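Open the model in your viewer and keep the selection panel at hand. The tour moves from one charged pair to the next, then goes inside.

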Amino acid sequence: MVSISNARGGAVTGLVALAVAGVLAGTVPAAQATPQGGPSPSPSQCRGRGVDGDALIRYEADTVIKAPLSTIWKLQTDVESWPSWQPPVTTMERLDSGRLRKGSQFRWTTPAPATPTTPATTLEITSTVRELRDRDCVLWSGPAIGEGLRIDEGVHLWTYRKVKGGVRVHTEETWTGAQVEADVPTATKALGYGLDAWLRDLKAAAESRAGATR
């Protein structure tokens with residue numbers, strides 16, 4: 001199960017969660033502060049870098065996945081395969097080649113349904129990998145732009161830790177931008193819904209693949 005480790009409003013720095021479509025599409029849940037199954041890894045950084053500490057919009061979540069770390073890592077870093085296991089990702093394009101690494105870029109799209117403050121649109125997100133440590137962590141950031149909706153920058157961090165029974169996957173993201181900062185509660189709830197959906201999709205895909213290889 002996905003467990004929310006921490007969620008708070010903040011200066012919206014960041015990128016739309018890969019699942020922004022899912023985030024905004026459904027009934028957005030209120031952010032929760034009490035973790036399920038223990039606290040998340042701390043500090044949350046990748047090679048000394050993390051999300052925007054000054055952001056008004058921020059959300060954290062984690063889950064334990066019963067699958068090999070290698071399987072989870074491949075699903076996350078083979079970004080071109082995201083549309084095959086994440087319904088909210090409608091298109092994906094790598095802007096470079098080879099394994100995902102620091103400096104790699106990819107462009108993807110996701111639908112964003114209307115909210116009380118923004119119109120329905122399709123967001124185009126251009127992500128740049130800022131830090132990466134093999135099978136340990138990855139940090140990327142970039143803008144998300146659609147007709148009538150803009151997130152100036154999103155910063156998204158993932159960490160992976162082997163635990164008894166599987167791998168604990170922790171994620172957090174921040175958003176910044178005048179438009180989303182105009183309604184921090186709505187933006188934070190949307191971000192949280194998206195990250196929770198992403199973790200659920202990742203868990204389902206990784207555990208399904210792990211089961212198929214047994």
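Select Glu-93 first: at 41% relative accessibility it is partly exposed (buried is under 20% relative accessible area, exposed over 50%, partly exposed in between; 1.4 Å probe, protein chains only). This is a predicted model, in which local features need pLDDT of at least 70 and side-chain atom pairs count only at pLDDT 80 or more, while totals for chains, interfaces and linings use all residues. Residues are numbered from 1 along each chain as its sequence is written, and side-chain values use heavy atoms, without hydrogens and water.

Add Arg-107. It forms a salt bridge with Glu-93, closest N and O atoms 3.9 Å apart (a side-chain nitrogen of Lys or Arg within 4 Å of a carboxyl oxygen of Asp or Glu). The pair joins strand S4 (residues 105-112) to strand S3 (residues 91-94) (strands are DSSP runs of E, at least two residues; helices are runs of H or I, at least four; both are numbered from the N terminus).

Now pick Glu-124. Arg-107 bridges to Glu-124 as well, at 4.0 Å. Glu-124 sits in strand S5 (residues 121-133), 17 residues from Arg-107.

Next, Arg-161 and Asp-136: their salt bridge is 3.1 Å, N to O. Arg-161 is partly exposed, at 29%, whereas Asp-136 is buried, at 17%. Then show Arg-49, Lys-102 and Glu-131, joined into one network by salt bridges that share partners.

Finally, go inside. The largest nonpolar core has 43 residues, and Trp-82 and Trp-158 are among those with the most contacts inside it (buried Ala, Val, Leu, Ile, Met, Phe, Trp, Tyr and Cys residues joined through side-chain atoms within 4.5 Å). Color helix H5 (residues 184-212): it gives the most to this core, 10 residues.
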